[in-house]
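Visitor: I would like a close look at a single part of this model, taken slowly and with its packing partners described. Could you take me through one helix and what surrounds it?

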Amino acid sequence: NNKISNQFPEYFELLKPKIYNIKTVQEKLNDNDIIISTFTGRENLYIWSISKDRTTFDKVNINFENLKSLVSEIRQNLDQSDIVNASQLKPFDFDLSHDLYKMLFHNINDDLSKFKSIFFVLDSSLQSLPLEILITDRNNKNYQDASWLINDYEISYLTSLDDLISSRENKTIILNNNISNNFIAFADPLLNKQNTEVRSSIKVEKLFDNRGGVSLENLSQLPSLPETADEVLTIADILGGKIKDLYLQSEANENNVKDINLANTKVISFATHGLVNGEIKGLTEPALVLTPPDNISDKNDGLLKSSEIAVLDLNAEIVLLSACNTAASDGTPGAEGLSGLAKSFFIAGSKSVLVSHWPVFSESTKDTMINLFESRKDKKISYSKSLQNAKLEMIKNNKYDIFSHPTFWAPFVIVGIN
């Protein structure tokens, strides 16, 4: 441990986060910030809240399996990537959402209105939910008028308190003229076009042997993501990106990711599958799927793993991961790998990561990205505030009379300080 700590301090930080006293954390908070942190025990859920001048602790009488079941039930009506028309859209369970809200917030509910920003440090099954979908008042069950948590709060997620402390201790100012490129994207890797419409039915664990080895033929059976090409073209148009910086199809490969200079780019997108569930035997780390090579090598096996991400040289404001899924193939929550993936991008130099909790409909993804980046034009606001605005805009506009359902506006969240 000492040798790793001395020679590779950033990697050691990933393996073993620091422990901070309450005062140190409070010194880094603004007056309108609050941190909500959870620990899921075998028999109870433990919840801490930390604000500038107050801390609370609560023990909730719900065991590990019952909490996991509750999260799974809520997710069932959120991840609806298998529906083909609006008539199949399942209604959101407002009552379960409010039950979880009361569980997490009843100890601080009366003081919550004093804050504007919530930082969540979650564990276990709770990592598989965007908590923006919590309902603070169960009486109104109209999607457009419901009391969503996102209505009143800018929400971010942290992999640990290290994210907050290290970000606010870092006084280095990065001049804009050092960042010459606005946008680079890796999207629509060459995969199986026949499986595009059955994305949610693919059993990812069957693509690997029990040692975590991957077959090129099997990896290629993952469904293709043709809509991601349109997605990154839209973002490039908004950000003033260049077509030459969009690596699509065969160009969306590991060699390009590792060889291209990414250090001078503000926004980087990986619009591809994220294997983050920890469900695959032998696969010991999360990974992003890129175009499989003709022949596997140490440098390029079609999977950009978290250990490889960590050694990239990045200086990005945000990395976009828009095709992830934080549930296992059987639908149970399993987002622990997500925090490892995000942490790897932080070590590489990114300030924040945007991720999706379930496969997202292409048009709602496009609308989210347009609203996210358009609302930041000529404004000095954070990405989490911009994402809040984007979600509220989608709820308000209720495109096609269905986009106010959280399955469309809720999947994307910001991880990290931005």
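**Helix α8 and its packing partner**

Guide: In this predicted model, helix α8 contributes E227, E231, T234, I235, I238 and L239 to a contact with helix α12, which answers with S362, T365, K366, M369, I370, F373 and E374. Sorted by class, the residues of this contact of α8 with α12 comprise 6 nonpolar, 3 polar and 4 charged.

Two packed helices are described by the angle between their axes and by the distance separating those axes. For α8 and α12, the latter spanning residues 362-374, the angle is about 15 degrees and the axes lie 10 Å apart. Because an angle under 35 degrees counts as roughly parallel, α8 is roughly parallel to α12. The crossing in which α8 passes α12 is right-handed.

Within α8 itself, which covers residues 227-239, one residue that merits attention is A236. With a relative accessible area of 5%, A236 is buried, since the cut-off for that label is under 20%. Once its neighbours within four places in sequence are set aside, A236 is in contact with F183, G241 and L246. A further relation links A236 to I184: the two are 52 residues apart along the chain, and their C-alpha atoms are separated by 8.1 Å.

The partner helix α12 also packs against helix α13, which runs over residues 383-397, and here the angle is about 130 degrees with the axes 8 Å apart. That angle makes α12 oblique to α13, and α12 passes α13 in a right-handed crossing. On the α12 side the contact is made by S364, D367, T368, N371, L372 and F373, and on the α13 side by Y383, S386, L387, A390, E393 and M394. By class, this contact of α12 with α13 holds 6 nonpolar, 4 polar and 2 charged residues. F373 is named in the contact of α12 with α8, and F373 is also listed in the contact of α12 with α13.

For a second buried position, one can turn to S97 in helix α5, which comprises residues 94-105. S97 counts as buried, at 0% relative accessibility. Its side chain reaches the backbone nitrogen of I135 at 3.0 Å, and, not counting residues up to four places away in sequence, S97 touches I74, F92, I133, L134 and I135.

Note on methods. Residues numbered from 1 in each chain as written. Predicted model: local features only at pLDDT ≥ 70, side-chain atom pairs only at ≥ 80, totals over all residues. Heavy atoms only, no water. Helix = DSSP H or I, 4+ residues; strand = E, 2+ residues; numbered from the N terminus. Buried < 20%, exposed > 50% of the residue type's maximum accessible area, 1.4 Å probe, protein only. Contact = heavy atoms within 4.5 Å. Polar contact = N/O pair within 3.5 Å; in protein donor to acceptor, adjacent residues only side chain to side chain. Axes fitted to C-alpha atoms, helices over the stretch in contact; angles between N-to-C directions. Parallel < 35°, antiparallel > 145°, perpendicular 65-115°, else oblique. Left-handed = near helix turned anticlockwise from the far one by under 90°. Nonpolar A, V, L, I, M, F, W, Y, C, P; charged D, E, K, R; others polar.
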